[in-house]
Amino acid sequence: MAIQWFPGHMNKARKALEERITDIDVVIEMLDARLPGSSANPMIGRSTRGKKTLKILNKQDLADPEVTKLWLDYYCARPGTLAIGLDAGERAPALKLIAACRELAPSRSGLDKPLRVLICGIPNVGKSTLINSLTGRRIAKTGNEPGITKGQQRILLADDIELIDTPGMLWPKIIVEEGGYNLAASGAVGRNALDEEEVVLVLLTYLARRYPEALQARYKLDEVVGLQDTQLLDAIGRRRGAMLGGGKVNIQKAAEIVLTDFRAGSIGRLSLELPEEWVVWEARGREQESRRQSERAQQRLDRGLKPKTPRES
Ligand code: G4P
């Protein structure tokens, strides 16, 4: 399944990010703790390369704590990178952010050398929720400054730490297939970009492998292991009374039930990817994409046309 879209304002957001990035000391990238690899925008990664980075694994209350720990270690092993877990229940998110940013850029402090931090992330990752809880403290006036576009705001985390917010940003084309499904399961990509039933079948396959007991308990199923994805969805539909006439299961309704439960954390604290899985998926996605691009270039050459420069993916 290919999930694709190209909302024009994403390009604008990327330009705004690139204009802003030169005088930034630390980039905070907010990720979904249940799917850190899939929720990392490759466009943001490219635009902010070489900058000190703080990865926030947000919504950790919904994710498997053991898997979140693996992801935190994975990111912290990268040079110039720190990672912290966070969720909306955190009493003092500003303190966590301040400590991490100061650790990343110790030479920036005091009013003459303020620490400038940019925060970005894909839509629905919880950035507004975090910003709202931060702005409960101190908001800087957003003046008519170049580089601060509409939709960006500045927040003073401390007297000498300025946080610049950017609009939530998706990217033009998802090349990692598993990433597309995971983003769809989390609700980060819109309904019209995906086949809900297919997304749920992929989700159930993963959950049945990694968290069979949680599925069994939530839906009071006799068994989970050994069932095919469609049998599992059928069994869930029956248990939850999602029926059509004639004893048939309303598959769409059953799929909606599973998605709603997953997004609300009602099945349990679940993660959809391990770092080691993501590395394999990403490599495969890149390989497939590069093959597709070579084939397309060859087709153009065969038709006597010049190959196009590869579009950002
Ligand atoms: P965004 O700005 O990045 O697009 O995301 P936003 O803050 O709007 O959050 C998206 C959804 O995620 C919201 O739910 C929000 O409540 C929820 N959320 C944010 N942070 C956390 C968290 O740490 N844990 C959990 N469990 N949920 C979080 P919503 O259903 O869209 O809206 P509402 O229920 O808040 O009205």
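## Notes on the ligand site and the largest pocket

1. Let us start with Lys59, which sits in the loop between β2 and α3. Please keep in mind throughout that this is a predicted model. The phi of Lys59 is near 60 degrees, a positive value in a residue other than glycine. For context, most residues other than glycine have a negative phi. Lys59 counts as buried because its relative accessibility is 19%, and the cut-off for buried is under 20%.

2. Lys59 also takes part in holding a polar contact with the ligand: a polar side-chain atom of Lys59 lies 3.1 Å from an oxygen atom of the ligand. The backbone contributes too. A polar backbone atom of Val125 is 3.1 Å from an oxygen atom of the ligand, and for a polar backbone atom of Gly126 the distance to an oxygen atom of the ligand is 2.9 Å. Taken alone, the ligand exposes 700 Å², and the protein buries 54% of that.

3. Who else is around the ligand? The shell has 14 residues, and the closest are Ala88, Asn124, Lys127, Ser128 and Thr129. Helix α5, residues 127-135, gives the most to this shell, with 3 residues. Sorted by class, the shell has 5 nonpolar, 5 polar and 4 charged residues.

4. Asn124, one of the closest residues to the ligand, deserves a look of its own. Asn124 lies in the loop between β4 (115-121) and α5. The phi of Asn124 is near 75 degrees, again a positive value in a residue other than glycine. Is Asn124 buried, exposed or partly exposed? At 45% relative accessibility, Asn124 counts as partly exposed, because the partly exposed class runs between the 20% and 50% cut-offs.

5. Now to the largest pocket, which holds about 700 Å³ of space. Its lining is made up of 32 residues, and those nearest the centre are Ala40, Pro42, Gly45, Lys55 and Arg78. By class, the lining divides into 13 nonpolar, 10 polar and 9 charged residues.

6. Which elements each supply at least two residues of the lining of the largest pocket? They are β1 (26-32), α2 (42-47), β2 (52-58), α3 (65-76) and α11 (275-302). Of the elements, α2 gives the most to this lining, with 4 residues.

7. Gly121 is placed in strand β4. With a relative accessibility of 2%, Gly121 counts as buried. Gly121 is also one half of a pair worth viewing on your screen: Gly121 and Ile56 are 65 residues apart in sequence, while their C-alpha atoms are 9.6 Å apart in space.

8. A second pair involves Gln153, which lies in the loop between α5 and β5 (154-158). Gln153 is partly exposed, with a relative accessible area of 26%. From Gln153 to Pro167 there are 14 residues in sequence, and C-alpha to C-alpha the two are 9.4 Å apart in space.

9. To pull the ligand points together: the side chain of Lys59 and the backbone of Val125 and Gly126 each place a polar atom by a ligand oxygen. Lys59 and Asn124 both have a positive phi, with Lys59 counted as buried and Asn124 as partly exposed.

Technical notes:
Residues numbered from 1 in each chain as written. Predicted model: local features only at pLDDT ≥ 70, side-chain atom pairs only at ≥ 80, totals over all residues. Heavy atoms only, no water. 1 Å grid on protein atoms, 1.4 Å probe; cavity = no way out; pocket = protein on both sides within 12 Å on 5 of 7 lines; lining within 4 Å. Points joined across faces, edges and corners; volume = space filled by probe spheres on them. Nonpolar A, V, L, I, M, F, W, Y, C, P; charged D, E, K, R; others polar. Near = heavy atom within 4 Å. Polar contact = N/O pair within 3.5 Å; in protein donor to acceptor, adjacent residues only side chain to side chain. Areas by Shrake-Rupley, 256 points an atom, 1.4 Å probe, with all protein chains shown as cover. Buried < 20%, exposed > 50% of the residue type's maximum accessible area, 1.4 Å probe, protein only.
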